[in-house]
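Let's take a walk through this structure together, starting with the whole and ending with a few backbone details. Keep the viewer open as you read.

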Amino acid sequence: MSTQAARVEEKLFQNRYLVDQGKPHIVVQPHTTPSKNLVAMTKICPAGCYEQNASGQVEITPDGCLECGTCRVLCEPAGDIVWNYPRGGYGVLFKFG
Amino acid sequence: MIEEKFDAIVIGAGMAGNAAAYTMASRGLNVLQLERGEYPGSKNVQGGILYADMLEKIIPDFREEAPLERHLIEQRFWMMTDRSHTGMQYRSDDFNEEKPNRYTIIRSQFDRWFNKQVQAQGAIVISETTVTELVSDAYGKVIGVRTDRSGGTVFADVVVLAEGVNGLLGARAGLRPTPKAEHVALAVKEMHFLPRETLEARFNLHGDEGVVIEAAGTISKGMTGMGFVYTNKESISVGFGCLVSDFAENEETPYGMLENFKKHPSIAPLIEGSEVKEYAAHLIPEGGFNTIPELFGDGWVVVGDAAQLNNAIHREGSNLAMTSGRLAGEAIFQVKSRRDPMTKQNLALYKKFLDDSFVMKDLKKYKDMPALLHTQAQNFFLTYPTLVSKAMENFLRVDGTPKIEKEKASVRAFREKRSLTGLFGDAWRLARAWR
């Protein structure tokens, strides 16, 4: 894990979440070569949810998602991802917001 | 889920949704409000500053009970380079008035309180429920919503879309486009806790007085963005935001930018020794007047961030949200009391109210600002702050150089970096966009 990813993980550790196990609310569509915006998400996602795997595809683990919608704006219109809100009551639970 | 048909369904319990639900419920309408969070407020993120006037128009005596943090008596605007800031500061004891004008708030707590007032007016509020789809009749009129609860279809005469900046429902139903990357900013924020006395000593505050710092300059590395520091009672909200389109073209991470801002020599001493208790992220609509979508249609209206109602120049969002929610509620009430149907034609009353209010007047005034700042980001966020800082240093550092030479050097630096045509052009464009 890069130091940057470690740093954001430390930040997410402060937050409360109720993860909807096995039902990710954001899904990356299967691809061989990721689009420019999808690769950009590995940097822009404020929760560091996006990572590029060894064979070059971009994957998402949305457990730490802050539900900001940055990836929706950048990647949904072109069909790179499917973006939904988590089921009611699940996801990030802000204490302060 | 619920068999009966409502006068109105409000989607979302943020500022706009609560204002709309309160306005309608207090006028006797049968209102259902749906919120996807654990409780109203638990998904809501803001800096955040509350403007009293807009809330007073909904709940006049809110100061007696609402969870407010500090009333603001001081504003600092900082133009930053990596090692300095040039500031403009306004502090006035006149802001220590009986009914202060601006407060800092913590949204999850404030929204929870606001929503309790909505419920006290008789609205039914159901949390932990995500609305998945709008339901329309054969003619395309919105007649209700589908939720993620089993058997979760509910019907109403009108649906108020207060679904926030990521308004999925409206976008999926084709009522408005998904915002473009250049029309939204991504802001990240941390809550830094400090003992009250420490915080008040650092910011020169007494009692519930508060300070706001808003900073721009080289801290955004040439991108259109800004940092902020807001004082709460026992915590400091520290955040940083940039346009999503700028982030997409740079290699910077939002948390890296926030860390960088926190390490700035002008910021670090203010938050030193604090305990961080939360990290949040949120999108802010920045497109202004030219990106406002269709605001009403057959059986629906859209309010707040979902409608891009945000004044980026004055950093006002929640008051436009509250006002649009209130005006939508009033329009719906008027249509309802005339026993008219909730058609597009009748709901145009909401747009009329909005046009007559400060919301549209302000957004119209600054309609050219977003484009100007976004296309000139390098100049406004890198070149000018650096030049101003150099000029200030030049003015203040005493080293035996004759003053006339110092002045000439400062003027020369501006001309070299930006040329006279560039300087006058920027000033002209800025003045025109501001007018």
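The paragraphs below go from overall form to interface, domains, core, strands and unusual backbone angles.

Before anything else, please keep in mind that this is a predicted model. Chain B is a good place to begin. Its secondary structure comprises 15 helices and 17 strands. The C-alpha trace of chain B spans about 85 × 50 × 40 Å along its principal axes. How does the radius of gyration of chain B agree with that of a compact globule? For 435 residues, such a globule would have a value near 22 Å, and chain B has 23 Å, so the two agree. Buried residues account for 50% of the 435 residues in chain B. If you take the contacts in chain B between residues at least 6 apart in sequence, 73% of them join residues at least 24 apart.

Now turn to where the two chains meet. Here 32 residues of chain A are in contact with 41 residues of chain B. On the chain A side, the elements that give two or more residues are helix H1 (3–12), helix H2 (36–44) and helix H3 (70–75) of chain A. Which of these gives the most? That is H1(A), with five residues. Sorted by class, the side of chain A that touches chain B holds 15 nonpolar, nine polar and eight charged residues.

Back inside chain B, the domain assignment splits the chain into three parts. Domain 1 is made of the segments 5–69 + 105–176 + 293–365, domain 2 covers 182–285, and domain 3 covers 369–434. The C-alpha centres of domain 1 of chain B and domain 2 of chain B are 29 Å apart. Their contact takes 12 residues from domain 1 of chain B and 15 residues from domain 2 of chain B. On the domain 1 side of that contact, the residues divide into four nonpolar, five polar and three charged.

For a look at the interior, start with the largest nonpolar core. This core has 148 residues, and B:Val160 and B:Val303 are those with the most contacts inside it. Leaving aside neighbours within four places in sequence, the contacts of B:Val303 include B:Ala16, B:Ala20, B:Val160, B:Leu161 and B:Ala328. Another interior residue to select is B:Ile9, which sits in strand S1 (residues 5–11) of chain B. Is B:Ile9 buried or exposed? With 26 other C-beta atoms within 10 Å, B:Ile9 is buried, because the cut-off for that class is 20 or more. Not counting residues up to four places away in sequence, B:Ile9 touches B:Leu32, B:Leu34, B:Gly144, B:Val145, B:Val154, B:Ala156 and B:Val159.

One of those partners, B:Val145, leads us on to the strands. Strand S8 (residues 131–136) and strand S9 (residues 142–147) of chain B run antiparallel and are joined by five bridges. To check the register, find B:Val131, which stands opposite B:Thr147 in S9(B). S8(B) and S9(B) form a hairpin with five residues between them, and B:Gly140 in the turn has a positive phi of about 90 degrees.

Strand S11 (residues 184–193) of chain B has two pairings to follow. S11(B) is mostly covered, with nine of its 10 residues buried. With strand S15 (residues 275–285) of chain B, S11(B) pairs in the antiparallel sense over 10 bridges, and B:Val184 stands opposite B:Pro285 in S15(B). S11(B) also runs antiparallel to strand S14 (residues 235–243) of chain B, joined by nine bridges. In that pairing, B:Lys189 stands opposite B:Gly239 in S14(B).

Finally, some backbone angles. Most residues other than glycine have a negative phi, and most peptide bonds are trans. A cis peptide bond joins B:Gly47 and B:Gly48, with omega about 0 degrees. B:Gly48 lies in the loop between strand S2 (31–34) and strand S3 (49–51) of chain B. B:Glu128, which is not a glycine, has a positive phi near 50 degrees, and its place is the loop between strand S7 (124–126) and S8 of chain B. B:Glu128 counts as partly exposed because 18 C-beta neighbours lie inside 10 Å. B:Gln308 also has a positive phi, of about 65 degrees, without being a glycine. B:Gln308 is in the loop between strand S17 (300–302) and helix H9 (318–337) of chain B, and with 25 C-beta neighbours inside 10 Å, B:Gln308 counts as buried.

How values were computed:
Residues are numbered from 1 along each chain as its sequence is written. Chains are lettered from A and ligands numbered from 1 in the order in which they are written. This is a predicted model: local features need pLDDT of at least 70, side-chain atom pairs count only at pLDDT 80 or more; totals for chains, interfaces and linings use all residues. Helices (H or I, at least four residues) and strands (E, at least two) are DSSP runs, numbered from the N terminus. The radius of gyration is taken over C-alpha atoms; the globule rule is 2.2 Å times the number of residues to the power 0.38. A residue is buried if 20 or more other C-beta atoms lie within 10 Å of its own, exposed if 12 or fewer, and partly exposed in between; C-beta atoms are placed from the backbone. Two residues are in contact if their C-beta atoms, placed from the backbone, lie within 7 Å. Ala, Val, Leu, Ile, Met, Phe, Trp, Tyr, Cys and Pro count as nonpolar, Asp, Glu, Lys and Arg as charged, and the others, Gly among them, as polar. Domain bounds come from an automatic or database domain assignment. A nonpolar core is a set of buried Ala, Val, Leu, Ile, Met, Phe, Trp, Tyr and Cys residues joined through C-beta atoms within 7 Å. Two strands pair if DSSP finds at least two bridges between them.
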